[in-house]
Amino acid sequence: DEKGERHIWIIEGAAPQQLTDAGLTATTLRPGDQVVVTGRPGRIPEDHKLLLHTIERPSDGFKYAGPNNPE
């Protein structure tokens, strides 16, 4: 955030089978992966919740666009 503090976010996505069908499995993302996540934030900013739109991993070009992606 603007103070340099880290926050843990809860990212809500699709049903597990929808994620798997789209190529996002339990082993796709590993601890330490640097990712860029886009989505729609929840109504209460302090809750740090996000409805998942996309995930990108720049290191290898992996991209996931979920069913909530408006594009």
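A salt bridge here is a side-chain nitrogen of Lys or Arg within 4 Å of a carboxyl oxygen of Asp or Glu. Keep that in mind as you move around this predicted model.

**Stop 1: Arg57 and Asp60**

Select Arg57, which you will find in strand 3. Is Arg57 buried or exposed? With a relative accessible area of 10%, Arg57 is buried. Now add Asp60 to the selection: the closest N and O atoms of Arg57 and Asp60 are 3.0 Å apart, so the pair counts as a salt bridge under the 4 Å limit. Asp60, in contrast to its buried partner, is exposed, at 51% relative accessible area.

**Stop 2: Asp33 joins in**

Next, show Asp33. Its side chain meets that of Arg57 in another salt bridge, at 3.1 Å from N to O. Asp33 sits in the loop between helix 1 and strand 2, while Arg57 belongs to strand 3 (residues 49-57), so this pair ties together parts that are 24 residues apart in sequence. Asp33 is partly exposed, with a relative accessible area of 28%. How many salt bridges does the structure hold? It holds 2, and Asp33, Arg57 and Asp60 are linked in a network of them. As a general point, side chains of opposite charge can pair when their charged atoms come close.

**Stop 3: What else surrounds Arg57**

Stay with Arg57 and display the backbone of Thr28. The Arg57 side chain reaches the backbone oxygen of Thr28 at 2.6 Å. Leaving aside neighbours within four places in sequence, Arg57 is in contact with Thr28, Leu29, Asp33, Gln34, Val35 and Phe62.

**Stop 4: A nonpolar patch on the surface**

From that contact list, pick Leu29, found in the loop between helix 1 (16-21) and strand 2 (36-41). Leu29 is partly exposed, at 30% relative accessible area. Switch on a surface and colour Trp9, Ile11, Leu29, Val35 and Val37: together they form a nonpolar patch with about 380 Å² of accessible area.

**Stop 5: The largest nonpolar core**

Hide the surface and select Ala14, Leu19, Leu24, Leu52, Ile55, Phe62 and Tyr64. These 7 residues make up the largest nonpolar core. Which strands each supply at least two residues of this core? Strand 3 and strand 4 (62-65) do. In soluble globular proteins, nonpolar side chains tend to be buried together.

Finish on Leu52. Setting aside neighbours within four places in sequence, its contacts include Ile11 and Val37, which you coloured in the surface patch, along with Tyr64 of the core.

Conventions. Residues numbered from 1 in each chain as written. Predicted model: local features only at pLDDT ≥ 70, side-chain atom pairs only at ≥ 80, totals over all residues. Heavy atoms only, no water. Patch = residues over 30% accessible without salt bridge, like charges linked within 9 Å, V, L, I, M, F, W, Y side chains within 5 Å. Areas by Shrake-Rupley, 256 points an atom, 1.4 Å probe, with all protein chains shown as cover. Helix = DSSP H or I, 4+ residues; strand = E, 2+ residues; numbered from the N terminus. Buried < 20%, exposed > 50% of the residue type's maximum accessible area, 1.4 Å probe, protein only. Core = buried A, V, L, I, M, F, W, Y, C linked by side-chain atoms within 4.5 Å. Contact = heavy atoms within 4.5 Å. Polar contact = N/O pair within 3.5 Å; in protein donor to acceptor, adjacent residues only side chain to side chain.
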